[in-house]
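User: Please walk me through this one, and start with the terms you use for exposure.

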Amino acid sequence: MGYYRKGHFRKDGKWVSGHYVRTFGTKRRKGKTQGCAVIFFGGVISLLLFLLK
């Protein structure tokens with residue numbers, strides 16, 4: 001399982017040639033849930049720091 005990624009320019013302006021990407025065995029994460037987890041854990045850490053002072 002996989003797909004062919006076409007060539008493209010990166011943000012720094014360098015050209016990246018196309019290549020085959022294997023997707024077997026990789027889990028795709030949704031950015032929304034990851035962002036919520038970061039906010040949640042950040043809140044917990046800040047609360048712990050507040051209580052420890």
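Analyst: A residue is called buried when its relative accessible area is under 20%, exposed when it is over 50%, and partly exposed in between, using a 1.4 Å probe and protein chains only. The model is predicted, so local features need pLDDT of at least 70 and side-chain atom pairs count only at pLDDT 80 or more, while totals for chains, interfaces and linings use all residues. Residues are numbered from 1 along each chain as its sequence is written, and side-chain values use heavy atoms, with hydrogens and water left out.

User: What's the mean pLDDT of the chain?

Analyst: The mean is 76, with 75% of the residues reaching 70 or more, on a scale from 0 to 100 that gives the predictor's confidence in each residue. Among the elements, strand β1 (residues 2-5) has the lowest mean, 75, and strand β3 (residues 15-16) has the highest, 82. Where pLDDT is low, the predicted coordinates should not be read in detail.

User: And which pattern does the chain follow along the sequence?

Analyst: The order is β-β-β-β-α, that is, 4 strands and 1 helix, taken as DSSP runs numbered from the N terminus (helices are H or I with at least four residues, strands are E with at least two).

User: How much of the chain is buried?

Analyst: Of its 53 residues, 6% are buried. The chain exposes about 5,600 Å², and carbon and sulfur atoms supply 65% of that area, computed by the Shrake-Rupley method with the 1.4 Å probe, where for residues only the protein chains shown count as cover.

User: What share of contacts joins residues at least 24 apart?

Analyst: Among contacts between residues at least 6 apart in sequence, the share is 3%, a contact being heavy atoms within 4.5 Å. One pair to look at is Y3 and V21, which are 18 residues apart along the chain and have C-alpha atoms separated by 5.4 Å. Y3 lies in strand β1 and, at 34% relative accessibility, is partly exposed.

User: Switching topic, how many aromatic pairs are there?

Analyst: The count is 2, where rings of Phe, Tyr and Trp (its six-membered ring) pair if their centres lie within 6.5 Å, with planes under 30 degrees apart called stacked, over 60 edge-to-face and the rest tilted. F9 and W15 have ring centres 5.0 Å apart and planes at 70 degrees, so this pair is edge-to-face. F9 is exposed at 59% relative accessible area, and W15 is exposed at 52%. F40 and F41 make an edge-to-face pair as well, at 5.5 Å centre to centre and 70 degrees between the planes.

User: Are F40 and F41 buried or exposed?

Analyst: Both count as exposed, F40 at 54% relative accessibility and F41 at 52%. They also belong to a nonpolar surface patch of about 760 Å², made together with V44, I45, L48, L49 and L52. Patches are built from residues with over 30% relative accessible area and no salt bridge, joining nonpolar side chains (Val, Leu, Ile, Met, Phe, Trp, Tyr) within 5 Å and like charges within 9 Å. V44 sits in helix α1 (residues 31-52) and is partly exposed at 34%.

User: How many salt bridges does the count come to?

Analyst: The count is 1, the rule being a side-chain nitrogen of Lys or Arg within 4 Å of a carboxyl oxygen of Asp or Glu. D12 forms it with R10, and their closest N and O atoms are 3.3 Å apart. D12 is exposed at 52% relative accessible area, whereas R10 is partly exposed at 41%.
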